[in-house]
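Dear colleague,

I am passing on the structure below, together with notes on what was found in it. Please read the notes alongside the model.

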Amino acid sequence: MTALRATDLTLPGRLTGVDLTLRPGEVTAIVGPNGAGKSSLLACLAGLLALETGAVTCGGEALAALPPRERARRIGYLPQTPEIAWDVSVETLVSLGRLPWQGAARHPARTTPAEDAAAVDRALAAMDLSALRHRPVSHLSGGERARALAARVLAGEPAWLLADEPLANLDLAHAAALVALLRAQAGEGRGVVLVLHDLAMAMNRADRVVVLERGRIVADGPPEQALEAALVSRVWQVQACWWGGPGTRALALGQP
Ligand SMILES: Nc1ncnc2c1ncn2[C@@H]1O[C@H](COP(=O)(O)OP(=O)(O)OP(=O)(O)O)[C@@H](O)[C@H]1O
């Protein structure tokens with residue numbers, strides 16, 4: 001697996017001179033206040049935004065130059081808003097995640113229908129959706145819809161998983177299960193990049209934390225270092241203090 005690298009990313013009003021090299025095998029959390037540029041950065045890393053300056057490369061190749069199907073095999077992207085355009089079944093929605101592998105018949109990366117079905121089954125089971133696979137997506141709850149969209153990305157088994165606030169609509173148990181699953185994916189050598197608002201989750205479960213403020217990186221490193229209480233207090237304009245020990249820290253907030 002290969003690095004995902006952003007060099008001098010600039011989007012006027014959104015990102016300024018962002019340099020970032022992301023390593024596979026790690027869970028990286030991108031955090032920051034509202035409007036700091038987290039979603040913009042994630043979309044750039046997924047190759048979804050036209051850049052004014054700068055570049056994003058995956059394994060040394062410019063994302064912009066990769067054919068869409070190849071890019072989709074390398075990078076799975078879960079957007080912030082759980083919108084689904086078509087009222088298909090959960091299983092059909094998740095199957096769409098296999099499209100990048102279903103190219104021309106002679107393509108060397110093409111998978112068999114049995115492999116595709118197995119990947120869909122795995123993703124449905126991982127997101128606790130096996131029992132809902134035949135239900136139309138319009139008949140799902142908000143959290144179930146969010147899980148179905150996550151399952152679609154997982155079904156594609158991309159080298160990089162980029163997810164924008166993937167825990168936002170999930171209950172405690174499903175959020176914990178998704179984080180455990182993403183950690184396991186990183187353990188298998190995939191790259192995992194998550195936009196998170198839950199700083200305790202980033203502190204306890206990420207390998208690396210990138211803090212954005214007004215479109216710039218202001219901290220980047222192991223969670224204990226990047227989320228040091230004084231920096232959290234300054235960037236989020238709260239009085240923040242960490243409690244507890246490694247792996248189970250909680251953030252206590254006072255008045256600004
Ligand atoms: N399509 C767009 N065109 C121009 N500016 C945008 C666009 N989308 C977002 N912005 C602006 O860019 C800045 C960064 O937005 P972005 O959505 O990346 O922030 P964020 O850190 O993800 O915020 P949040 O935590 O609120 O989701 C904000 O000031 C926002 O108003």
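**Helix H6 and its surroundings**

The buried residues of H6 pack against strand S3 (27-31), H5, strand S7 (160-164), strand S8 (191-195) and helix H7 (199-205); here, contact means that the C-beta atoms of two residues, placed from the backbone, lie within 7 Å. Please bear in mind that this is a predicted model, in which local features need pLDDT of at least 70 and side-chain atom pairs count only at pLDDT 80 or more, whereas totals for chains, interfaces and linings use all residues. Residues are numbered from 1 along each chain as its sequence is written. Helices (H or I, at least four residues) and strands (E, at least two) are DSSP runs, numbered from the N terminus.

As to confidence, the protein chain has a mean pLDDT of 93, with 96% of its residues at 70 or more, where pLDDT is the predictor's confidence in each residue, from 0 to 100. The scores of the model are ipTM 0.98 and pTM 0.94.

The residues of H6 that are buried (20 or more other C-beta atoms within 10 Å of their own, with exposed meaning 12 or fewer, partly exposed in between, and C-beta atoms placed from the backbone) are Leu178, Val179, Leu182, Gln185 and Ala186. Seen down the axis of H6, these buried residues fall within an arc of 115°, so they line one face of the helix; the arc is that of the directions from the helix axis to the C-beta atoms. Turned away from that buried side is a face carrying the exposed residues Leu172, Ala173, Ala180, Ala184 and Gly187. The 16 residues of H6 should span 22 Å at 1.5 Å a residue, and its end C-alpha atoms are indeed 22 Å apart, the expected span being 1.5 Å times one less than the number of residues. Just after H6, Gly189 takes a positive phi of about 105°.

**Helix H4 and the core**

In H4, the buried residues are Ala119, Val120, Ala123, Leu124 and Ala126. Viewed down the axis of H4, they fall within an arc of 165°, so they line one face of the helix, while the face turned away from the buried side carries the exposed residues Ala114 and Ala125. The cover over the buried residues of H4 includes helix H3 (90-95), helix H5 (142-155) and helix H6 (172-187). Just after H4, Asp128 has a positive phi of about 55°.

The largest nonpolar core (a set of buried Ala, Val, Leu, Ile, Met, Phe, Trp, Tyr and Cys residues joined through C-beta atoms within 7 Å) has 74 residues, of which Leu45, Ala123, Ala151 and Leu162 touch the most other members. H5 supplies the largest share of this core, eight residues. Leaving aside neighbours within four places in sequence, Ala151 is in contact with Val94, Ala123, Leu124, Ala126, Met127 and Leu129.

**Strands**

Four strands form an open sheet in the order S2-S1-S4-S5, with antiparallel pairing; two strands pair if DSSP finds at least two bridges between them. Strand S2 (15-22) and strand S5 (61-62) stand at the edges, each with a single partner strand, so one side of each is left without a neighbour in the sheet. Strand S4 (residues 53-58) and S5 run antiparallel and are joined by two bridges, and Cys58 has Glu61 in S5 as its bridge partner.

With regards
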